[in-house]
Amino acid sequence: MSEISKSDADELRGADLADSASDETVFIELLFFAYRDFVSDPDALLQEYGFGRAHHRVVHFVARNPGISVAELLDILQITKQSLARVLKQLVETGFVQQQQGAQDRRQRLLFTTEKGEALFDKLREPQSRRIKNALSGLDARDRAGAERFLSYLINEDERSMALRLSNAVDR
């Protein structure tokens, strides 16, 4: 029996996966690892404040959508009012987010990041932006469009248009 090198084994494994159209395991695992690494830097920064990923998501969407209502944020995050209330309370009390009453509907609460909140948003975003820029640097425009399309197809169909609208709101 001949010995198989690691590169040969990897090549064979790749051929096996290509032959099996229903085997998406490689994508599942790559997404697990990519997500782990994508959130690792912000997680470390958030720990310095005693915050978690929910705080990160709130700061992100409030910074990207100044004046977003609590109801709109609940729709985006798909978390309970109770969970959002706990996170918002901490962010407001620590001076990262401020709430204002709506001009037409005084029951409406509109959210804005403070200067401190904007600084935290930038600090959390920087390592993620760097990671994405590095990953995209090896892609041409067609591959980049393919990657964007692939990620958009991972979003539930009924939420896809909202996610694409929000992701194109700024920086384009």
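Reading along the sequence, we meet the elements of this chain in the order α-α-α-β-α-α-β-β-α-α-α, and that gives us 8 helices and 3 strands in the secondary structure. Please keep in mind throughout that this is a predicted model, and that every value I mention was computed from it.

Let me begin with the chain as a whole. It has 172 residues, of which 26% count as buried, and its accessible surface comes to about 12200 Å², with 53% of that belonging to carbon and sulfur atoms. If we take the contacts with a separation of 6 or more, 54% of them are between residues 24 or more positions apart in the sequence.

Now to two of the helices, starting with helix 3, which runs over 53-64. Helix 3 has 12 residues, and from its first C-alpha to its last it reaches 16 Å, close to the 16 Å expected at 1.5 Å a residue. Which of the residues in helix 3 are buried? They are Ala54, His55, His56, Val58, Val59, Val62, Ala63 and Arg64. As a general reminder, an α-helix has 3.6 residues a turn, so residues three or four places apart point the same way.

The other one is helix 7, with its 13 residues, 141-153; at 1.5 Å a residue it should span 18 Å, and because its end C-alpha atoms are 18 Å apart, the model agrees with that expectation. At the N-terminal end of helix 7 we find a cap, Asp140, which has a side-chain oxygen 3.1 Å from the backbone nitrogen of Arg142.

Both of these helices come back when we turn to the pocket. The largest pocket has a volume of about 2700 Å³, and it is lined by 48 residues, of which Phe38, Ile132, Leu151, Ile155 and Ser167 are the closest to its centre. Several helices each supply at least two residues of this lining, including helix 2, helix 3, helix 6, helix 7 and helix 8.

Next, some single residues that you may like to find in the structure. Thr113 lies in strand 3, which covers residues 109-113. Is Thr113 buried or exposed? Its relative accessibility is 14%, so Thr113 counts as buried, given that the cut-off for buried is under 20%. Leaving aside its neighbours within four places in sequence, Thr113 is in contact with Val59, Val62 and Ala63, as well as with Phe96, Val97 and Glu118. With Glu118 there is also a polar contact of 2.4 Å, which joins the two side chains.

Gln78, by contrast, is in the loop between helix 4 and helix 5, and at 55% relative accessibility it counts as exposed. Most residues other than glycine have a negative phi, and yet Gln78, which is not a glycine, has a positive phi of about 50°.

My last residue is Ala85, whose place is in helix 5. With a relative accessibility of 43%, Ala85 counts as partly exposed. Ala85 and Val70 are 15 residues apart in sequence, while from C-alpha to C-alpha they are 9.3 Å apart in space.

Definitions and conventions
Residues are numbered from 1 along each chain as its sequence is written. This is a predicted model: local features need pLDDT of at least 70, side-chain atom pairs count only at pLDDT 80 or more; totals for chains, interfaces and linings use all residues. Side-chain values use heavy atoms; hydrogens and water are left out. Helices (H or I, at least four residues) and strands (E, at least two) are DSSP runs, numbered from the N terminus. Buried means under 20% relative accessible area, exposed over 50%, partly exposed in between (1.4 Å probe, protein chains only). Contact means heavy atoms within 4.5 Å. Accessible areas come from the Shrake-Rupley method with a 1.4 Å probe; for residues, only the protein chains shown count as cover. The expected span of a helix is 1.5 Å times one less than its number of residues. A polar contact is a pair of N or O atoms within 3.5 Å; within protein, one must be able to donate a hydrogen and the other to accept it, and residues adjacent in sequence count only if both atoms are side-chain atoms. On a 1 Å grid over the protein atoms alone, a cavity is a set of points where a 1.4 Å probe fits but cannot get out, and a pocket is an open set with protein on both sides within 12 Å along at least five of seven lines; lining residues have an atom within 4 Å of a point. Grid points are joined across faces, edges and corners, and a volume is the space filled by probe spheres set on the points.
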